[in-house]
Amino acid sequence: MNEQTDLVELRNVTKKFDNYVAIDDISLTIRRGEFFSLLGSSGCGKSTLLRLLAGLDWPNAGKIFVDGQNMHGVPAHNRPCNMVFQSYAIFPHLNVSDNIAYGLRRFGLSKSEKRKRVEEMLFTIGLEGFGNRNPDQLSGGQAQRVALARALVRQPKVLLLDEPLGALDKTLREQMQVELRQLQRSVGITFVFVTHDQEEALSMSDRIAVMSAGRVLQIATPVDIYERPNCVAVAKFIGDMNFLVAITERVKTAGQVLVNVEGFGEIEFDERLESDRPGLSHHVAIRPEKLTVTNERTDAEICVRGTVESSSYWGDQSQFQVSIDGCETLLMVTAHNLDPLRSYYPVRGSQVWLSANNSALLRFSDSEN
Amino acid sequence: MIQQRGHVGRSIRLMFSSLYLLYLYIPILILPIFSFNDSFYISFPLRGFTTQWYAELVVDTSIIAALKSSVQIALVTALVSTFFGVITVRPLTRYRLRGERSILSMIMLPIIIPELILGISLLVVVNEMGLMLGKWAVITGHTLICFPFAVAILLSRFEGFDVSLEEASLDLGEPPWQTFWRIIFPLAFPGIVASFLLTFTISFDEFLIAFFLSASEPTLPVYLWGQLRFPKKLPSALALGSLIIAVSFVVVAFAEWLRRRQSLQKVNI
């Protein structure tokens, strides 16, 4: 019950730096106990949004509420949020324990209580016995954990994480992704996680806000973001996508739409776009893995002939560029390599059939490149 | 042939560096040598070993008084110029200020103004304003010339400062003032000590401004200059000079140790 209530609310928040608009009239809500990701390429405003929540920057307009409390005029040191910095910002003149205990000073705890909390935190992050180490004796992953512990020990209502895994190597990053997600579940604190890594966002988040140029494009669960992107920009940013030019031919009274898709021919869609009218030029998109390559015709809803222009073998899967008649763009197709030694494996120049279901096609009315 | 040439090159280098080191240190070594020489006159051959001049030094009240005012002036000058250095450098490095470069150039300008000119103009100002000559006047003048050095040293320390450390402290519930004491001050401490030691040394050595402004409270350099007229006082001055060199050596070694420790920390982070 409690889990569905809103903890953080942004209302029409705008932040400008001189004439540059970093955050452009954003409104969104973050739920209690949620792992919420802000995803976007660099300069999209995601880190600025985090700093506004932390109180390290102030919005030019709009309101921020945390747990019902208006954050207007509340300085960083009085906010119920704590941040894990991208650079970790471990205090170099304090040892690990003192770093973790740093934010406990104003809690009015006795020395032994404080030490107990620090020990518990060290246990939680798997760094027992590291309390006396100096920051320069820590590896990147350990420093990252200390930064996490230092923020979590204050039991904030919201934990803000600014690309915390960006500086780690790939193996460690994947390990920390799992650990971070488990940690979030066990402590039950709301995480707001900033990342430019779409896989990271997809695998860790309850919900994702995709940002671009200071605006939020879409807020949804990872599955919805991937399967039902609401605009071309999100579809392009998350995963790979084939875009085909399409023209609306007829809007039926029952609601179905007949669309001529480049290379695929006439296809009937059950749902219509708001702006649908005969002659509307728009885009139809399909993910590379939703196309199947075979050497024979199939009885799928869509099945077209094509020629393999290039193929790359990636071990677990392969990627093919396929040209089809009546379509200028090459279609990208990925396939799992279940048994490439014995079953059919297309090579450059192979004549193949591409199959897909109508439901795999997405329609976008916006022409955003 | 090549080997031989290398050999010759090495000898030349060795000779050159030995001569250079002699040139640097012989005048300085003269001081302690003659401070133990049993003669009023500073000339070879040495007469014999004595600690008489050191003994005289301890009971010479006017030289002790001059030393005392020099130390007092240098201490206050170092404290004041380092303090103002910190509160100047902090906003300069923390915030993007309009005209930051011009502000810095203005601060650094006194370094290139000859001290003779500064001394004379300060004398005029102090007299015209009806202020007293003496220690406080010298402190004012010394702070003027030390402040740019303090700023230069502190700037290099504060400039590399990671803003996120400060933000992390604010984020962890410490208000700005506490953040300054718990994070910025300890991290900047080696730079503050370095600034203090340098400004102390500059003030302690300074002659021209002190000469114009010290009046009846001469600093050590002014006092020693006045004593050069009396040959009998010279050996004591040498003894004092030797002591000052010894103390300076210890202080500089300490500062260097601090600096190294700090740069080691920097490398490891």
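How many nonpolar, polar and charged residues does the lining of the second largest pocket have? Let's walk through this predicted model and find out.

We can start with the pocket itself, which holds about 740 Å³ of space. Its lining is made up of 28 residues, and those closest to the pocket's centre are A:Gln317, A:Ser318, A:Thr334, A:Ala335 and A:His336. If you would like to trace the walls by secondary structure, turn to chain A: helix 6 (198–204), strand 15 (292–294), strand 17 (317–324) and strand 18 (331–336) each contribute at least two residues to the lining. And here is the reply to the opening question: by class, the lining of this pocket counts 13 nonpolar, eleven polar and four charged residues.

Now let your eye move over to chain B. Its secondary structure consists of eleven helices and zero strands, so reading from the N terminus you meet α-α-α-α-α-α-α-α-α-α-α. For its 269 residues the globule rule gives 18 Å, but the radius of gyration of chain B is 24 Å, well over that value, so the chain is more spread out than a compact globule. Its C-alpha trace spans about 75 × 70 × 30 Å along the principal axes.

What about contacts and surface in chain B? Among its contacts with a separation of 6 or more, 72% are between residues 24 or more positions apart. Of the 269 residues of chain B, 37% count as buried. The chain exposes about 16400 Å², and carbon and sulfur atoms supply 71% of that area.

Technical notes. Residues numbered from 1 in each chain as written. Chains lettered and ligands numbered in written order. Predicted model: local features only at pLDDT ≥ 70, side-chain atom pairs only at ≥ 80, totals over all residues. Heavy atoms only, no water. 1 Å grid on protein atoms, 1.4 Å probe; cavity = no way out; pocket = protein on both sides within 12 Å on 5 of 7 lines; lining within 4 Å. Points joined across faces, edges and corners; volume = space filled by probe spheres on them. Helix = DSSP H or I, 4+ residues; strand = E, 2+ residues; numbered from the N terminus. Nonpolar A, V, L, I, M, F, W, Y, C, P; charged D, E, K, R; others polar. Rg over C-alpha atoms; globule rule 2.2 N^0.38 Å. Buried < 20%, exposed > 50% of the residue type's maximum accessible area, 1.4 Å probe, protein only. Contact = heavy atoms within 4.5 Å. Areas by Shrake-Rupley, 256 points an atom, 1.4 Å probe, with all protein chains shown as cover.
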